[in-house]
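Reader: I have a structure open and would like to talk through a few of its details. Could you take me around?

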Amino acid sequence: ARLGEVVLVVQDRRVRIEASRCPRKICVHSGAIGRSGELLVCVPNRVVVRISGDTENPFDLITQ
């Protein structure tokens, strides 16, 4: 069961979870996302926000 309302804020081409009724608030403390492929997740409330669209780099991660 969901715990309640989740408040999203979209500002300056970025989105963040401003408030959630989940107990640990990990989603709130995750900060804003704005790049293709990035995710915001609130597991207790079953909310997933994913940025989709074209990306300059087709890779998820590059290491050297």
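Author: Happy to; what follows is a short exchange on two buried polar residues and a hairpin in this predicted model.

Reader: Great! Is Ser20 buried or exposed?

Author: Ser20 belongs to strand E2, which spans residues 14-20. Its relative accessibility is 7%. The cut-off for burial is under 20%, so Ser20 counts as buried.

Reader: Which backbone nitrogen lies 3.3 Å from a polar atom of the Ser20 side chain?

Author: Ser20 has contacts away from its sequence neighbours, among them Glu5, Lys25 and Asn45. The nitrogen you ask about lies 3.3 Å from a polar atom of the Ser20 side chain, and it is the one of Cys22.

Reader: Now to strand E3: which side chains point to the buried face?

Author: In a regular strand, side chains alternate between the two faces of the sheet. Along E3, residues 39-42, Leu39 and Val41 point to one face and are not buried. Pointing to the other face, and buried, are Leu40 and Cys42.

Reader: And which residue of E4 stands opposite Leu40?

Author: E3 pairs with E4, residues 47-50, in the antiparallel sense over four bridges. The two strands form a hairpin with four residues between them, and Arg46 in the turn has a positive phi of about 60°. Opposite Leu40 in E4 stands Val49.

Reader: Last one: which backbone nitrogen does the Asn45 side chain reach at 3.1 Å?

Author: Asn45 lies in the loop between E3 and E4, and at 1% relative accessibility it counts as buried. Its contacts beyond four places in sequence include Arg2, Leu3 and Ser20. The backbone nitrogen that its side chain reaches at 3.1 Å is that of Gly4.

Technical notes
Residues numbered from 1 in each chain as written. Predicted model: local features only at pLDDT ≥ 70, side-chain atom pairs only at ≥ 80, totals over all residues. Heavy atoms only, no water. Buried < 20%, exposed > 50% of the residue type's maximum accessible area, 1.4 Å probe, protein only. Polar contact = N/O pair within 3.5 Å; in protein donor to acceptor, adjacent residues only side chain to side chain. Contact = heavy atoms within 4.5 Å. Pairing = 2+ DSSP bridges.
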